[in-house]
Amino acid sequence: MKWLLTLSAIQTVLLAMLGLHALKLDMRADDIADSVERLDMQMAAAPNAAPAQWTQSSSANVDADNIRAIIREELERIAADGALQNSARPAATAQGSPQSAAAPAPAYDKTQTLMTQAAIDQDLDRYAKRGAISALEMDQLHAKIAELPPEARRAALIRLTKAINSGEIKGQF
C-alpha cells in the first residue's frame with residue numbers, strides 16, 4: 001500500500017511538472033506571436049523602412065521573405081536610376097539616333113575570366129574532397145562567380161547546384 005501511495009505522489013508531481021512545462025511553452029508561443037504581430041504592424045505602417053533585424057550583419061535572421069524584399073527594393077532603385085538616366089538622355093537619342101537604347105554589355109577580359117573559372121573549379125574540387133562548404137566560403141565563391149560573364153556564371157552555378165543536390169558538397173546557398 002505504501003508503494004502505491006508513493007507512486008501516486010510521484011506521478012502527481014511529474015504531471016504537475018509536465019503541465020508547467022506545457023504552460024511555459026504556450027507562453028513562449030504567445031510571445032513569439034506578439035512579436036510577429038508587432039513586426040507586421042510596423043511593416044504595414046512603414047512598408048519602405050527596413051526592419052531593425054535587417055540592419056544587423058548576422059545572416060541568421062535572413063529568410064526567403066527578407067531576401068525577396070531586399071531584391072524588390074534594389075530593383076525599384078535600379079528602375080528609378082534608369083528613369084533618371086532616360087530623362088537625362090539627349091533629344092536626338094530619343095528621336096531614333098543610331099545609338100542603342102540598351103546599355104552596352106560590360107566587356108570581360110578573356111584571360112581574367114579563364115583564371116576566375118579555374119579558381120572556381122579548384123574551389124569546387126577542394127570543397128568536394130572535404131565534403132562540405134561553410135557559409136563564409138559559399139559567400140566568397142558567390143563573389144567569384146559574380147565576376148564571370150553570364151554564360152560562364154550560369155555554368156559555374158549549375159556545377160555548384162549539382163554538387164550540393166547530389167550530396168557531393170554539404171552546404172546551403
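**Exercise 1. Classify Ala 128 as buried, partly exposed or exposed, and place Ala 128 in a helix.**

Solution. Start with the accessible area. Ala 128 has a relative accessible area of 21%, so this residue is partly exposed. The cut-offs are these: buried is under 20%, exposed is over 50%, and partly exposed is in between, using a 1.4 Å probe and protein chains only. Next, find the element. Ala 128 sits in helix H4. Now look along the chain. Glu 168 is 40 residues away from Ala 128, yet their C-alpha atoms are separated by 5.7 Å.

Some ground rules apply throughout. The model is predicted, so local features need pLDDT of at least 70 and side-chain atom pairs count only at pLDDT 80 or more, while totals for chains, interfaces and linings use all residues. Residues are numbered from 1 along each chain as its sequence is written, and side-chain values use heavy atoms, with hydrogens and water left out.

**Exercise 2. Describe the fold of the protein chain by its helices and strands.**

Solution. Count the elements. There are six helices and zero strands. Helices (H or I, at least four residues) and strands (E, at least two) are DSSP runs, numbered from the N terminus. Read them in order from the N terminus: α-α-α-α-α-α. Then check burial. Of the 173 residues in the chain, 14% are buried.

**Exercise 3. Explain how Arg 77 and Glu 74 are placed to pair.**

Solution. Begin with the principle. Side chains of opposite charge can pair when their charged atoms come close. A salt bridge needs a side-chain nitrogen of Lys or Arg within 4 Å of a carboxyl oxygen of Asp or Glu. Arg 77 and Glu 74 meet this, with the closest N and O atoms 2.8 Å apart. The two are three residues apart in helix H2 (residues 64-88), so about one helical turn separates them. Both ends are partly exposed: Arg 77 at 43%, Glu 74 at 36%. The whole structure holds six salt bridges.

**Exercise 4. Trace the salt bridges made by Asp 123.**

Solution. Take Arg 126 to begin. Its salt bridge with Asp 123 has closest N and O atoms 3.2 Å apart. The pair lies in helix H4 (residues 110-130), three residues apart, so the separation is about one helical turn. Arg 126 is partly exposed at 41%, whereas Asp 123 is buried at 7%. Now take Lys 144. Asp 123 also forms a salt bridge with Lys 144, with closest N and O atoms 2.5 Å apart. This pair links distant parts of the chain: Asp 123 is in helix H4, Lys 144 is in helix H5 (residues 135-146), and they are 21 residues apart. Lys 144 is partly exposed at 27% relative accessibility. Elsewhere, salt bridges with shared partners join Asp 121, Asp 125 and Arg 159 into one network.

**Exercise 5. Work out the class make-up of the lining of the largest pocket.**

Solution. The pocket has about 300 Å³ of space. A pocket is an open set of points on a 1 Å grid over the protein atoms alone, where a 1.4 Å probe fits, with protein on both sides within 12 Å along at least five of seven lines; lining residues have an atom within 4 Å of a point. Ten residues line this pocket, and Ala 135, Met 138, Asp 139, Gln 172 and Phe 173 lie nearest its centre. Sort the lining by class: four nonpolar, five polar and one charged. Here Ala, Val, Leu, Ile, Met, Phe, Trp, Tyr, Cys and Pro count as nonpolar, Asp, Glu, Lys and Arg as charged, and the others, Gly among them, as polar.

Notes:
Points joined across faces, edges and corners; volume = space filled by probe spheres on them.
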